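Here are my notes after going through the model. Have the sequence and the structure open while you read.

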Amino acid sequence: MKQLHELTIKEVHEGYRNRIFSCVDLVKHFLSRIDKYNPKLNIFLARNQHALEQAAVIDKEIAEKGIDRELLGIPMAIKDNFLTVGISTTASSNILKGYMPQYESTVTGKLLAAGAIFLGKTNMDSFAHGSSTETSDFGPTHNPWNPDKLPGGSSGGSAAAISAQLVTAALGSETAGSIRQPVAWCGVTGFKPTYGRAGRYGCIAMASSTDSPGPIAKTVEDVAIITKVISGKDPFDATTSSLDVENYPSFLGKTDLKGLRIGLVKEYLLPDMRDDVKKLILDSAEKFRSLGATVEEVSLMDPKYAIGVYTVVQRSEVSSNLARFDGIRFGHTRDSFGEETKRRIMLGTYTLSSGYYDAYYKKAQAVRTKMIDQFAEIFKTYDAVIGAVSPGPALSLGATKNQPMFGEMEDILVEQSSVAGLTSAGVPCGFVDGLPIGLQITCDQFQEAKALTIADCYQRNTAFNQFPDIDKTL
Amino acid sequence: MKITPLIGLEVHVELETKSKMFCGCPADHFGKAPNTQTCPVCLGLPGALPVPNKKAVESCLKIGLALNCSINRLSKFDRKQYFYPDLAKGYQISQYDQPFCSEGFLNLDSGKKIGIERVHQEEDTGKLQHTVLNGKKITLVDFNRSGVPLVEIVSKPDMASSAEAKEYLKKIHEIIRTIGVSSADMEKGQMRLEPTINVCIENEGGIHYTPLVEIKNINSFNFAVQAIEFEIKRQVEEYENTGTEKSLTNKTTRGYDSVKKVTFLQRTKEEAKDYRYFPEPDIPPFIIEDDFVEKIRKELPLLPDQEISSLEKLGVEKKDAKVLVSTQNRLAIQIIHDYSRDDRVDPRKLASLIVNGKLDPSKDTKAQYDSLTKVGITDKSVLTAIVQKIIDTNPNVVAEYKKGKTNVVGFFIGQAMKETKGTASPLILSELVTKLLNS
């Protein structure tokens, strides 16, 4: 029989329904795991001091009314860039150390309304500026598969929390790879909804034009459940879509992918990519064929251009978004910004400066438009494109030192889909050197149901969705 | 030497919408206790996002249409970045290269067209309050005004005198009030003025332009006039002394000291801020369809100049029409229009009576009008004959007058009034009675 920390959302609800365990039991179980493993992993920055009381209230609700909310009693970890009333929120930056939010973010508000219970806030790259969680002002998070390795980032804390099974599910956010890359390095499942599908209100802005909140969990089914909860028009975010939210979980469980056309992106099999990583991607293509899909090679713009576009657009927006931390309010002065943040502010200030705006920002936006057009063309023929999430498995702690472009190099394969605002699932597709490798399944804007369906079918028909035995690895 | 001032005006107008530009807080901030009308958005808290106020955008379009602008089908907001403690987000949301409205004009009474370059939407900042607390000089920030909708109207440098500038400003003020988007109360800071001035000097050496000067934040028409006049004089003198001409780099910003009645240097171009404008990623671009523009256009009331000419068409004198329109005497204007269909009422007279305070349009107009315009006997020879006849038939009263009882003049006037059925002017009668009694 599975242990409590191994259960998916549906399994937790089964347990509640059958009175096998209570929400208090589950929360206690996770809190003791957090007490035990967090000192080694450095995943949680702040804990919800009222989790047990909240669990007791939920138990009462379950006893009286049963389970009529999608995430009722589901213990979750929340990336520290989402404002949570009553739990400090810092975006892993010293400039917000001790900051208690005045309001609840849209997506955490929806999770709470659906019955979720937050156990705490997870570490991340400071202001999400990175792909390692090593730029956190509060120390790096360690990869549960191997504590000498990085968890990836910026949602490294949330991905590691799932991999180490310290919560049932987690919330992350992706600007360009910040969900899919740590999910790949930690060997768990994550989902980046279309830009504008889930509201950004109350999510500390990194790059406003690509920030997308999204779930990290044990299975595609779990991320589908959470995606449904957090999606929809946000009256406080003018960039959200008013398109109806589909009932994503209801699409899952397909036994084959007959009739679907999948593009294997040629350029994503980078020339310097390890052969064993390439093989896993080609194997997954083969898997899709065996599930009945047509898989063909497709060609996109060289991903190196995405790095240029993303770097310019993102730094520009960052330099502007961080201006509100002016040293007058929030209790700390601007010298509390970390090195990476300062670097990004400087680069962004430069690219927006008079005389350089046309050369950098405008040109970057023009190339971005080209990428969007190219994807649109491909999605006329194909239902999804696939490729590796990251060029290789998790790198060692310290790998980001003196590597200002570290994140961009590690996110080279996911930046295009992010700047194009697409939706994409990240699922484990194998192991090299005992470390997980992730596959991205990317679909056109607002094709969440399709991306989740394909990812779910793949996950059910492969055996890569594994969790490390952290008593051994740590 | 011929001197031609070139004056352009930037006018900021605070809109009187119910809520602020990008959040639900009340926009009416005047006299409210500090920081009582704020929320995460207008405080610029982490994670807060702007959602544009549709009513404010409509008001901006109304102003643009009233100023004969074309409405751009595609517009967007941009971030204008600079540091100031009253600027919560570290940037102001404004419009840079794709404003809602552009290329309009406004006609002065002389018929001269003043070009309107653009009318764009932005948000106001908070307010700093410098004070002493516990013996320490400190600055407090009040964010009630932060995010209140502002519209900026930028003219072309088409005005050539302070008088033209004043007329332009008054007309803008009237238009804003007429279309009902703001009371544009100068004292409350709802309308703020920034003239940009330089002078074209023609002499034997050719045509020369003095460096551009922008004067910041003037809050009265008279100060604007004074500042412009001072600046024209100062620039001509400076040119005569130094010969410095306008260049791409020597624009300066000056303030106006209304006590000393002088402008003073605030900053030079070298110190000018680079605002690092870029498109506001939190607000999608706007596509404004023609249908929507037409809907807004239909909602516009008659504009002051249109209203004046419609009154003129009824026969009202221009000067009276201007008074009625500029004082927004809606009732009077309505009454004049209503009675213009009544043959017994002359709109020209009616307007004049109202303007001169003789007729109160809130009371029975027809009765007042009739009594004020009764056609009396004004022919002096007719009146002389009437008075003479009364004198002749009342010798005993005449005798009393001759004895010194001068108050009997009243008796004769009364009789004459009776005779003329009250239509004669008592003044003329009195004059005639005295004259005839003494002859």
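1. UniProt has an unreviewed entry that lists "domain: Amidase" for residues 25-450 of chain A. Keep in mind that what we are looking at is a predicted model. In it, the span of residues 25-450 of chain A is 35% helix and 15% strand, and its end C-alpha atoms sit 36 Å apart.

2. On to where the chains meet. From chain A, 36 residues are in contact with 30 residues of chain B. People often give the size of an interface as the accessible area lost when the parts come together. For chain A and chain B that buried area is about 2500 Å², and carbon and sulfur atoms give 58% of it. If you want residues to look at on the chain A side, go for Ala238(A), Arg324(A) and Arg329(A): they lose the most area to chain B, and together they make up 24% of what that side buries.

3. How many salt bridges does the rule find across the interface of chain A and chain B? Just one. A salt bridge joins the side chains of Arg200(A) and Asp282(B), at 2.9 Å from N to O.

4. Now for the surface of chain A. Leu347(A), Tyr350(A), Tyr356(A) and Tyr360(A) make up a nonpolar patch there, and their accessible area comes to about 340 Å² together. One of these residues, Tyr360(A), belongs to helix 11 of chain A, which covers residues 358-381. Tyr360(A) can count towards the patch because its relative accessible area is 31%, and patch residues need over 30%. That value makes Tyr360(A) partly exposed.

Definitions and conventions: Residues numbered from 1 in each chain as written. Chains lettered and ligands numbered in written order. Predicted model: local features only at pLDDT ≥ 70, side-chain atom pairs only at ≥ 80, totals over all residues. Heavy atoms only, no water. Patch = residues over 30% accessible without salt bridge, like charges linked within 9 Å, V, L, I, M, F, W, Y side chains within 5 Å. Areas by Shrake-Rupley, 256 points an atom, 1.4 Å probe, with all protein chains shown as cover. Salt bridge = Lys/Arg side-chain N within 4 Å of Asp/Glu carboxyl O. Helix = DSSP H or I, 4+ residues; strand = E, 2+ residues; numbered from the N terminus. Buried < 20%, exposed > 50% of the residue type's maximum accessible area, 1.4 Å probe, protein only. UniProt positions renumbered as here; feature names shortened; annotations may be inferred. Contact = heavy atoms within 4.5 Å. Buried area = accessible area lost by both parts, 1.4 Å probe.
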